[in-house]
Amino acid sequence: MSFYTTVLTLLLLAEIVMGSCDTKLECSLLSDLLEMSMKQQSPDKGCQCLSRTTIPAFQSMLTQSQTPGDKGVIKFDKVVTNIRNGYNPTTGIFTAPVAGVYQFSYTVMSETGKILVVYLSHNNIRQQTTWMKGSSNETGTANIILNLKKGDQVDVKSSGSYTIKSDSSHLYSSFSGYLIAQ
């Protein structure tokens with residue numbers, strides 16, 4: 001449906017361009033516009049557009065408190081969504097099934113009155129840290145956009161022997177990510 005809308009839009013633009021420039025430029029502009037729209041289709045592979053079943057995306061939750069230790073990966077064990085199976089709840093690691101630009105987000109809760117320091121790691125390199133301490137439970141959230149190669153790994157790690165709070169009836173802590181561009 002969107003392909004046909006694009007073609008109709010291009011035809012309308014061609015009408016606007018016609019008569020305003022010389023013939024060679026008119027044809028060149030129209031040819032460029034059509035070529036750009038046709039790049040989304042390939043005769044041997046069909047439509048190259050990403051769809052709900054091909055865009056890597058995951059959402060996972062923590063069902064019980066965890067103390068993974070210094071540089072230990074937090075294993076968000078309840079998988080809500082895992083399109084393309086990039087996230088492994090056993091290891092807590094997301095492995096990019098395709099190269100592209102991804103958005104990741106995590107939320108963690110500390111135990112009452114305790115320090116909690118966690119960070120997002122890309123191929124074992126610290127990217128972004130969340131630090132919290134208060135007299136009650138504190139919640140920290142981080143968002144980041146990363147350019148990944150196929151096979152790159154992203155996870156959330158503890159920066160010490162801290163406990164990440166959660167339980168099965170109150171899912172306080174989560175980790176998610178999805179492809180935003182290829």
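Start with the whole chain in a surface view: the accessible surface comes to about 10,500 Å², and 54% of that area belongs to carbon and sulfur atoms. What you have open is a predicted model. Of the 182 residues in the chain, buried ones make up 38%.

**Whole chain, cartoon view**

Switch to a cartoon and colour by secondary structure. Two helices and twelve strands should appear. Following the chain from the N terminus, the order of elements is α-α-β-β-β-β-β-β-β-β-β-β-β-β. If you draw a contact map, take the contacts with a separation of 6 or more: residues 24 or more positions apart account for 67% of them.

**First sheet: S4-S3-S12-S7-S10**

Select strands S4, S3, S12, S7 and S10. These five strands form an open sheet in that order, with antiparallel pairing. Which strands stand at the edges? They are S4 (78-83) and S10; each has a single partner strand, so one side of each is left without a neighbour in the sheet. From one strand to the next, the twist averages 10 degrees.

Now keep strand S12 (residues 174-181) and add its partners one at a time. Strand S3 (residues 57-61) runs antiparallel to S12 and is joined to it by five bridges. Strand S7 (residues 100-109) also pairs with S12 in the antiparallel sense, over seven bridges. To check the register on the S7 side, pick Val101, whose bridge partner in S12 is Ala181. On the S3 side, pick Gln59, whose bridge partner in S12 is Ser176.

**Gln59**

Stay on Gln59, which is found in strand S3. Is the residue buried, partly exposed or exposed? Gln59 counts as partly exposed because its relative accessibility is 23%, and the buried class ends under 20%. Show what surrounds the residue: leaving out residues up to four places away in sequence, Gln59 touches Lys78, Val79, Val80, Thr81, Ser174, Phe175 and Ser176. For a distance label, join the C-alpha atoms of Gln59 and Phe104: the two residues are 45 residues apart in sequence and 9.8 Å apart in space.

**The surface at Ile145**

Move to the edge strand S10 (residues 139-148) and select Ile145, which is found there. Ile145 has a relative accessible area of 55% and is exposed. Add Tyr178 and Ile180 to the selection and return to the surface view. Together with Ile145, these residues form a nonpolar patch on the surface, with about 290 Å² of accessible area.

**The loop between S4 and S5**

Next, select Arg84 and Asn85. Arg84 lies in the loop between S4 and S5, and Asn85 lies in that loop too. What is the sign of phi at Arg84? The value is positive, near 75 degrees, in a residue other than glycine. Asn85 likewise has a positive phi, near 50 degrees. As for accessibility, Arg84 is partly exposed at 37% relative accessible area, whereas Asn85 is exposed at 63%.

**Second sheet: S5-S6-S11-S8-S9**

Follow the chain into S5 and select strands S5, S6, S11, S8 and S9. Five strands in this order form an open sheet, and the pairing is antiparallel. Strand S5 (87-88) and strand S9 (125-132) stand at the edges; each has a single partner strand, so one side of each lacks a neighbour in the sheet. Zoom in on S5 and strand S6 (residues 93-95), which pair in the antiparallel sense over two bridges. Here Tyr87 stands opposite Phe94 in S6.

**Val154**

Finish in strand S11 (residues 153-158) by selecting Val154, which has its place there. Is Val154 buried or exposed? Val154 is buried, with a relative accessible area of 0%. To see the residues around it, leave aside neighbours within four places in sequence: Val154 is then in contact with Gly92, Ile93, Phe94, Phe104, Leu120, Ser121, His122, Leu146, Leu148 and Phe175. Phe94, met above opposite Tyr87, is one of these contacts. A last distance label can go between the C-alpha atoms of Val154 and Leu120, which are 34 residues apart along the chain and separated by 7.1 Å.

Note on methods:
Residues are numbered from 1 along each chain as its sequence is written. This is a predicted model: local features need pLDDT of at least 70, side-chain atom pairs count only at pLDDT 80 or more; totals for chains, interfaces and linings use all residues. Side-chain values use heavy atoms; hydrogens and water are left out. Patches are made of residues with over 30% relative accessible area and no salt bridge: like charges are joined within 9 Å, nonpolar side chains (Val, Leu, Ile, Met, Phe, Trp, Tyr) within 5 Å. Accessible areas come from the Shrake-Rupley method with a 1.4 Å probe; for residues, only the protein chains shown count as cover. A salt bridge is a side-chain nitrogen of Lys or Arg within 4 Å of a carboxyl oxygen of Asp or Glu. Helices (H or I, at least four residues) and strands (E, at least two) are DSSP runs, numbered from the N terminus. Buried means under 20% relative accessible area, exposed over 50%, partly exposed in between (1.4 Å probe, protein chains only). Contact means heavy atoms within 4.5 Å. Two strands pair if DSSP finds at least two bridges between them. Axes are lines fitted to C-alpha atoms, for helices over the stretch in contact, and angles run from 0 to 180 degrees between N-to-C directions.
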